[in-house]
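Colleague: Before we look at the model, I would like to learn how its features should be read, beginning with the cysteines.

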Amino acid sequence: MGLPFSKYHGLGNDFILLDNRHQASPLLTREQAVALCDRNQGIGADGVIFALPAAPGTDYTMRIFNSDGSEPEMCGNGIRCLAQYLAALDSAAGQPPKAPHSYRIHTLAGTIVPTLQPDGQITVDMGEPHLLAREIPTTLAPADEKVIDVPLAVAEQTYQVTCVSMGNPHCITFVEDIAAVPLDDIGPLFESHQVFPQRINTEFIQVVQPDYLKMLVWERGAGPTLACGTGACAAFVAAVLNGKCRLDDSADLAMGKATVELPGGPLQIQWSTANNHIYMTGPAVLVFSGEVSL
C-alpha cells in the first residue's frame, strides 16, 4: 500500500509533507527520505517534513530530514509549508481554519508560531535571533562574544562574516554582486569549515538599498536552494548589525523591515524592537499530492 504525501514549496524551496500525527517517531528512515528527495529517481525535494503529535503547550511537532539525510533544527520555508498542510488536513476533517489562524509548532529550535493570513500569505514569529559565538556555534570569537564583521579565510580569499542563529546556524557575508558568487565552489567550503563544528548555512547578501536585499544561499544539508526563510531572517539581522539596514524605534513602527529577494522570490522580514522577535511573511503552495511505494 502506498504512503500518502503532499508536496509543497515556499518560493521554490520544496518539501514532501507527511501526516505523522498518529505516532511520535518519523514514518521514514533517513535513508528513505534521501531516496524520496532524489529529483531523478524519487519525488524530488529539498527535504521531508513530518507533522508529528503535539508536545506540551503546542499543537503539533515538526521534524525535518534534509535531502542528504541530516536533520536541521528548523526551516522557515518549511514551517510555512507545514502550516498550509495542517490547514488542509483540518479542512479534510471538516474543521477548516478561518484566517488569521495560528499554529504553535514544537521544533528542535523551540516553539515557532506560523499564522495563516486572509490574503493567503503566512507570517511566522521566528522568535529572537541569537548572536553569541557559543549559540551559533562557532570558534570565530570567544564563546560569550558576538561574531560581527569578522574575517574568515575560505578558498584563499578573506570574507568579512557575521554569524546569527535563528535556532539554526547562519554565516552571512556581504558582496557587491551575488551574480558573481561561485556558489557551487565555495558553498561546501563554508558549510564544512572547521570554525563551524555543526556545519553552517551561508548567505551571500547584496544590499540594493536599506530596505531591499538580494540573497544567495547555500543550505547546510541541501546545497543551493531557491529560498531559505531562516537565512533571510538572519541576513536582515546581520544587515542591521553592520549598519546596512536600520531599526525604527518610533512608536508607530517599533520595528525594522526589509524585503529579502531570493532566487525563488521575495520574503518580507521584520524585526520588532518591542519584543526582539523576527517575523517572516511569505507564501507556501501545494504542488501535488499522491501516494508513493517505499
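Modeller: A disulfide is a pair of cysteine sulfur atoms within 2.5 Å, and by that cut-off the structure holds 0 disulfides. This is a predicted model, in which local features need pLDDT of at least 70 and side-chain atom pairs count only at pLDDT 80 or more, while totals for chains, interfaces and linings use all residues. Residues are numbered from 1 along each chain as its sequence is written, and side-chain values use heavy atoms, with hydrogens and water left out.

Colleague: Why is Cys37 not in a bond with the closest cysteine sulfur?

Modeller: The closest cysteine sulfur belongs to Cys75 and lies 12 Å from that of Cys37, which is too far for a bond. Cys171 is likewise in no disulfide, the nearest cysteine sulfur, in Cys163, being 4.6 Å away.

Colleague: Is Cys37 buried or exposed?

Modeller: Buried means under 20% relative accessible area, exposed over 50%, and partly exposed in between, with a 1.4 Å probe and protein chains only. Cys37, at 4% relative accessibility, therefore counts as buried, and Cys171 is buried with a relative accessible area of 0%.

Colleague: How many of the 13 residues of helix 4 are buried?

Modeller: Helices are DSSP runs (H or I, at least four residues), numbered from the N terminus. In helix 4, 12 of the 13 residues are buried, so this helix is largely enclosed by the rest of the structure; among the buried residues are Gly229, Cys233, Phe236 and Val240. Just after helix 4, Gly243 takes a positive phi of about 75°.

How values were computed: Helices (H or I, at least four residues) and strands (E, at least two) are DSSP runs, numbered from the N terminus.
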